[in-house]
Amino acid sequence: KKSGLTLGCANVIGAPLMAAGITFLLGNAAEKQHLGADTYKRLNGLLVIYAMLALFLVALVPQLNKNSLVPIRILTTFVAVKGYLSGLNDNGQSFFPETKRLWKQASQVSMRFPPKDISFADFLVLLTVALKKTALAFGIVQILVSSGLKRPQIAPKLSQLTKLTILGGCSIVIACSSPEDEALVPLNILVSYIFSTMSAFGIATASTPLIMAEGLLLAFCAMPSTLRGFRNW
């Protein structure tokens, strides 16, 4: 029986670790009254989406609630919503117009081809995440249509979809932010960590050449954030 930190464990903790890192950054921003900055409004919004997806995952798999995860997710959602609204209030902004502006900006960064405001490497990272999320969503729909609400089959895909949502969201936040933003160093390191562990786990457990190729692609996706994170340390 293996004990300690395994490759699978390092892969699984990626999304909660990133959520914890974002929460820490938002706490520092709140102390400095920086929640009104676009970067922190985006991070608060991303944390709301992640917490709600994670809450749905816990509801789908009741066994996960043994560790009281539902109250934790609800609290996370409440804190993130409060932080987002505080950022709007600091700047005297209205909820819907500002949310629409941030969403439109994020969509333009992630969907424009050829990429205009980001590097081609960053565009490939966002495209990879988008394709994986689409494949997972299609897989969930297939299960629902063919077999109904099969929780054991849906839960792993929803877990991966939740991880990719916070990973892709952080990648978009990085792409939209100024290079001098102090939050970018830890965000880049967290993004690099998740891509690296996903890649290592995928390569180590690959059963087909296609899965091996996907692991190598994820390793490539880790490189831009790794270089930025340690370069600006």
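Buried means under 20% relative accessible area, exposed over 50%, and partly exposed in between, with a 1.4 Å probe and protein chains only. This is a predicted model, where local features need pLDDT of at least 70, side-chain atom pairs count only at pLDDT 80 or more, and totals for chains, interfaces and linings use all residues. Residues are numbered from 1 along each chain as its sequence is written, and side-chain values use heavy atoms, without hydrogens and water.

Q: Why is Cys-9 called partly exposed?
A: Its relative accessibility is 32%. That value falls between the limits of 20% and 50%, so Cys-9 counts as partly exposed.

Q: What makes Cys-176 count as buried?
A: Cys-176 has 17% relative accessibility. The limit is under 20%, so Cys-176 is buried.

Q: Why does Cys-176 have no bond to Cys-170?
A: A disulfide needs two cysteine sulfur atoms within 2.5 Å. The closest cysteine sulfur to that of Cys-176 is in Cys-170, 12 Å away, so it is too far for a bond. The structure holds zero disulfides.

Q: Why is the pair of Tyr-84 and Phe-95 called edge-to-face?
A: Rings of Phe, Tyr and Trp (its six-membered ring) pair if their centres lie within 6.5 Å; planes under 30 degrees apart are stacked, over 60 edge-to-face, the rest tilted. Here the centres are 5.9 Å apart and the planes meet at 85°, so the pair is edge-to-face.

Q: How do you know that Tyr-84 and Phe-95 differ in burial class?
A: Tyr-84 is buried, at 10% relative accessible area. Phe-95 is partly exposed, at 38%.
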